[in-house]
Every structure is written in structure tokens, then in C-alpha cells.
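User: Can you walk me through the ligand site and the helix packing? Start with your terms, please.
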Amino acid sequence: MTSEPSQQSEGIYGHYWDDYIDSWAQRNEAWGNKFEWPGDEWGSQRDWDFIWHHFFKPGDVEHWQRAVEIGPGSGKYTLRILGGSEAKVRAYDISAKYLEVCARRCQQPIADGRLSLHLLDINSPNQIVSEIEAAGWRRQVDAFVSIAAMVHVDLQYMIVYLLNAALSLKRGGKLVLTLADATSPYGFLQLLEDIRWAYPAQKDPRGSCKFEWLSPDLVRYVLGQLGFDVLLLENTVRDIRLVASLERPAAADALEKYIANVPPKGQA
Ligand SMILES: C[S@@+](CC[C@H](N)C(=O)[O-])C[C@H]1O[C@@H](n2cnc3c(N)ncnc32)[C@H](O)[C@@H]1O
């Protein structure tokens, strides 16, 4: 892991997901210790297989050489990418504690030099593309992936990852993503059902796992502006599940100024 042990998570997302790890063992005990890793409690093997076969495979995962993942959690999909391709993976997360869990689960690929883990710095919106550049990967990345992570991230923050993806991918490189959709029947129902706990959760300075709702139109517009064409978009469940291809890298290049030279903390 490139992040030093002294590195700390910052912000509402970093703190929320660190707390999730801190309390996970206790919750797993209440569930009868039936889960091996944090994140095994979300969905089922069948759901994960479905995403793999219907989104990673059409995203051409077998041929990836270089991939970036945002929000790997314990590494459920990371291990699949590593097992299903020859790719090297750089995985970025906002939670130092989640990265520690991922490092424990993925010891072998890390030792083999196929996986590196990186803590996101919320003061540096161009962190990913800068590090990709330093690694000699710029415009050579085959895929940017984020599953079950961006469903919780506000678009004002997520745009940073999307722009970093558009600035790093090669032409034809793939974005494989899940996003929460308030315009699908299941999404709209969840929006209503979550009022009970999400409305009072806004007072918690350590954040929450509320969904950040989008819609296919909004997603298509934003990705189009960044130079992507949407190849596959399915929203029959709560989430939009999509594969997009970077077709117009110059569109993203013109927007790089928005993440470069961001003033240091407190001077915006
Ligand atoms: C629900 S878990 C999903 C993990 C994994 N992708 C999976 O499907 O099992 C969410 C992950 O996204 C990370 N995350 C949450 N907010 C984030 C943000 N703003 N930026 C980057 N990663 C974030 C969390 O720390 C956690 O690792």
C-alpha cells in the first residue's frame, strides 16, 4: 500500500466508512459471523456474478492491462479483475481503514506487484491523474471501475473521479460504474423508504450512507460532456449499471483546468 500507516481518512465519507469498519465485527457477530469480509453483506454471489457477466465482460475485462478502481472496499471486484485478466490495478479509496482490510485480503496480488492501494486526498482533485501520469499510465488505462461506491457519493464530488477517468483512459477505454437512480421504480421506492433514517442523519458530521440520487438523462449528459459514449445502461433495479467508452479524449483535456491548481485548504 502506498499510503503510510499514519495517513488518516478525511471528510464525511472517510469518517463514515472508517466507522463502518470499526463497528463491522460487532455487527457480523450479531449476524452469526456468517460473513468473512466487510462488504460480503451487500447483495449475494448471484448479484456479483451478474455484474461481472453483464458489465465487466462487455467492458472487455479479459483484455485489460491497466485498470483503476475507486472504492474497492475489501476487494471483492478487485480480485475478480485480477483473476479475470492480466491487468495491473491501482485502487483508490477515501477510507484508510477500508484500505487496510483490502490490503489484508489482497496480500498476494500486492506482493506480486499487480495491485497497489492509495488513499484519496480530498485536497487534491487531480491526485489520480497526477499519479497515473507519474506511473507512465496516462492515456494508457483500459478501464476505470467503481461498483457500489459512487451510489453514495454526491455528484459535486464524484465529478472529480469522472474527470480523472476521462483524463487518464486511453481512447476506447471503459468506465464501468453503478450509480443510484431515483427514476427507476425500485430507486424511487428506496428514496421514500429511506426518509425515516436519512432525514435525521443530516445532523451527523461524520456523514451517512444515504444514496446520492441521479437519473439516466443526467448521467448521459455529464458523461457526454467529458467525452464518453454510453455503451450499455441498465436501470431495472435501484442502480444504474453502465459501461461507457471514452471516445473524445480532447473534450476531457479541455476541462483539466478545473482540477488543476486548486488552492490549498481554506484559500478557495
Ligand atoms: C459500499 S462499499 C463498496 C465496496 C466494493 N466496491 C464492493 O462492491 O464490495 C463503498 C466503498 O467506497 C468507498 N468510498 C465511499 N465514499 C467514497 C468516496 N467519496 N470516494 C472514494 N471512495 C469512497 C468506501 O470507503 C468503500 O470502500
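Analyst: Ala, Val, Leu, Ile, Met, Phe, Trp, Tyr, Cys and Pro count as nonpolar, Asp, Glu, Lys and Arg as charged, and the others, Gly among them, as polar. This is a predicted model: local features need pLDDT of at least 70, side-chain atom pairs count only at pLDDT 80 or more, and totals for chains, interfaces and linings use all residues. Residues are numbered from 1 along each chain as its sequence is written, and side-chain values use heavy atoms, with hydrogens and water left out.

User: How many nonpolar, polar and charged residues are in the shell around the ligand?
Analyst: The shell has 14 nonpolar, three polar and two charged residues.

User: Which residues are closest to the ligand?
Analyst: Gly 71, Lys 76, Asp 93, Ile 147 and Tyr 161 are the closest of the 19 that surround the ligand. Surrounding means a heavy atom within 4 Å.

User: What does Lys 76 contact?
Analyst: A side-chain N or O atom of Lys 76 sits 2.8 Å from a ligand oxygen atom. How much of the ligand does the protein bury? It buries 98% of the 590 Å² that the ligand exposes when taken alone, by the Shrake-Rupley method with a 1.4 Å probe.

User: And the backbone?
Analyst: A backbone N or O atom of Ile 147 lies 2.7 Å from a ligand nitrogen atom. For Gly 71, a polar backbone atom is 2.9 Å from a nitrogen atom of the ligand.

User: Switching topic: at what angle do α3 and α4 pack?
Analyst: About 50°, with the axes 12 Å apart.

Terms used:
A polar contact is a pair of N or O atoms within 3.5 Å; within protein, one must be able to donate a hydrogen and the other to accept it, and residues adjacent in sequence count only if both atoms are side-chain atoms. Axes are lines fitted to C-alpha atoms, for helices over the stretch in contact, and angles run from 0 to 180 degrees between N-to-C directions. Helices (H or I, at least four residues) and strands (E, at least two) are DSSP runs, numbered from the N terminus.
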